[in-house]
Amino acid sequence: MSRRITDVSNLVEAIESKMISVDSVECKTKFSADMTETNQITPNKFIESIQFMNETIFKDSIDFFYEFTDTNNILIECGMKNQFMEEYYRVECSTCNGISVKEVDAKLRETIFDRMDKKLAV
């Protein structure tokens with residue numbers, strides 16, 4: 001599959017509903033041409049951060065990209081850049097037991113119109 005974009009609310013819902021689990025998170029921060037710092041972030045800290053961001057007015061300020069790298073593995077990437085620094089996150093996830101790649105892909109691609117259709121169908 002190719003690289004696709006998702007929003008933070010779909011990502012949070014996929015994690016909270018146990019469709020995917022976060023395995024590892026790496027943050028690379030570049031301060032200048034000479035200074036780059038790479039850190040590991042705990043999966044729980046990353047999840048808490050995106051849950052918080054999902055509740056703020058800034059939830060649409062960062063684009064999250066995902067691609068399926070294996071039958072059960074998903075790579076999620078996001079980043080921020082300004083004139084002073086660049087920050088890039090690489091998140092490795094896996095599908096949970098019993099969840100197919102198609103189900104995860106459908107969740108991550110979900111739009112407001114898909115959600116409205118579900119509410120109208122009930």
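**Exercise 1. Find out why C78 forms no disulfide in this predicted model.**

Solution. Start with the criterion: a disulfide is a pair of cysteine sulfur atoms within 2.5 Å. Next, take the closest cysteine sulfur to that of C78, which belongs to C27 and lies 8.8 Å away, so the two are too far apart for a bond. Then try C93: its closest cysteine sulfur is in C96, at 9.5 Å, again too far for a bond. Finally, a search of the whole structure turns up zero disulfides.

A word on the ground rules: residues are numbered from 1 along each chain as its sequence is written. The model is predicted, local features need pLDDT of at least 70, side-chain atom pairs count only at pLDDT 80 or more, totals for chains, interfaces and linings use all residues, and side-chain values use heavy atoms, with hydrogens and water left out.

**Exercise 2. Decide whether C78, C93 and G98 are buried or exposed.**

Solution. Use relative accessible area (1.4 Å probe, protein chains only): buried is under 20%, exposed is over 50%, and partly exposed is in between. C78 has 9%, so C78 is buried. C93 has 1%, so C93 is buried too. G98 reaches 77% and is therefore exposed.

**Exercise 3. Work out why helix 1 counts as largely enclosed.**

Solution. Helices (H or I, at least four residues) are DSSP runs, numbered from the N terminus. Helix 1 covers residues 8–16, and seven of its nine residues are buried, so the rest of the structure largely encloses it. Among the buried residues are V8, L11, V12 and I15. Just after helix 1 comes K18, with a positive phi near 60°.

Notes: Helices (H or I, at least four residues) and strands (E, at least two) are DSSP runs, numbered from the N terminus.
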